[in-house]
Amino acid sequence: MDPSTEQRIAAVPSLEDIARDPRCLAALERTSLSALLVRTAVVQSALAAQLASVEAHRSVSSAARVDDDDQMLRVDEAAAMLRRKPQWIYRNAVRLPFVKRISRKSLLCSKNGISRWLATRKA
């Protein structure tokens, strides 16, 4: 590596240096700025992917905890809990967050989901 290339590499500030003082970018050439931008994009993508992975793992594990003590009810049981007719649940299934469609004509309802939904309606 020739001395001028070594000087340019040494002159490129680290992310920590840029975070402390963004004015340090003013002395960089266009090629150095472009290279630094590409490297930060790679770092940002890796950080975003890791964060998404952590969030997905957390939501799956918390959903599993919630579902462990949940009970799935038949439509007639859910209707009794809601004080509605079963047909009302079938008609509104798309809008009800506690309803899980098992097949075209079969539904199950989360008991915990119904309780949470009723709590928001009794305000």
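**Exercise 1. Determine how many bridges join β1 to β3, and place both strands in their sheet.**

Solution. Step 1: β1 and strand β3 (residues 107-110) run antiparallel and are joined by 2 bridges. Strands here are DSSP runs (E, at least two residues), helices are DSSP runs (H or I, at least four), and both are numbered from the N terminus. Two strands pair if DSSP finds at least two bridges between them. Within this pairing, Met72 stands opposite Ser110 in β3.

The model is predicted: local features need pLDDT of at least 70, side-chain atom pairs count only at pLDDT 80 or more, and totals for chains, interfaces and linings use all residues. Residues are numbered from 1 along each chain as its sequence is written, and side-chain values use heavy atoms, with hydrogens and water left out.

Step 2: β2 and β3 also run antiparallel, joined by 3 bridges. Arg101 has Leu107 in β3 as its bridge partner. A hairpin of 5 residues leads from β2 to β3.

Step 3: The 3 strands thus form an open sheet with antiparallel pairing, in the order β1-β3-β2. β1 (72-73) and β2 (99-101) are at the edges with a single partner strand each, so one side of each has no neighbour in the sheet.

**Exercise 2. Describe how α4 and α6 pack.**

Solution. Step 1: The axes of helix α4 (residues 75-82) and helix α6 (residues 111-121) are 11 Å apart, at an angle of about 25°. Axes are lines fitted to C-alpha atoms, for helices over the stretch in contact, and angles run from 0 to 180 degrees between N-to-C directions.

Step 2: The two helices, α4 and α6, are therefore roughly parallel to each other (angles under 35 degrees).

Step 3: Ala78, Met81 and Leu82 of α4 meet Lys111, Ile114, Ser115, Trp117 and Leu118 of α6, where contact means heavy atoms within 4.5 Å.

Step 4: α6 also lies across β1 and β3, at about 60° to β3.

**Exercise 3. Classify the pair formed by the rings of Trp88 and Trp117.**

Solution. Step 1: Rings of Phe, Tyr and Trp (its six-membered ring) pair if their centres lie within 6.5 Å; planes under 30 degrees apart count as stacked, over 60 as edge-to-face and the rest as tilted. The structure holds 2 aromatic pairs.

Step 2: The ring centres of Trp88 and Trp117 are 6.3 Å apart and the planes stand at 55°, so this pair is tilted.

Step 3: Trp88 belongs to helix α5 (residues 86-92) and Trp117 to helix α6; 29 residues apart, they link distant parts of the chain.

Notes
Parallel < 35°, antiparallel > 145°, perpendicular 65-115°, else oblique.
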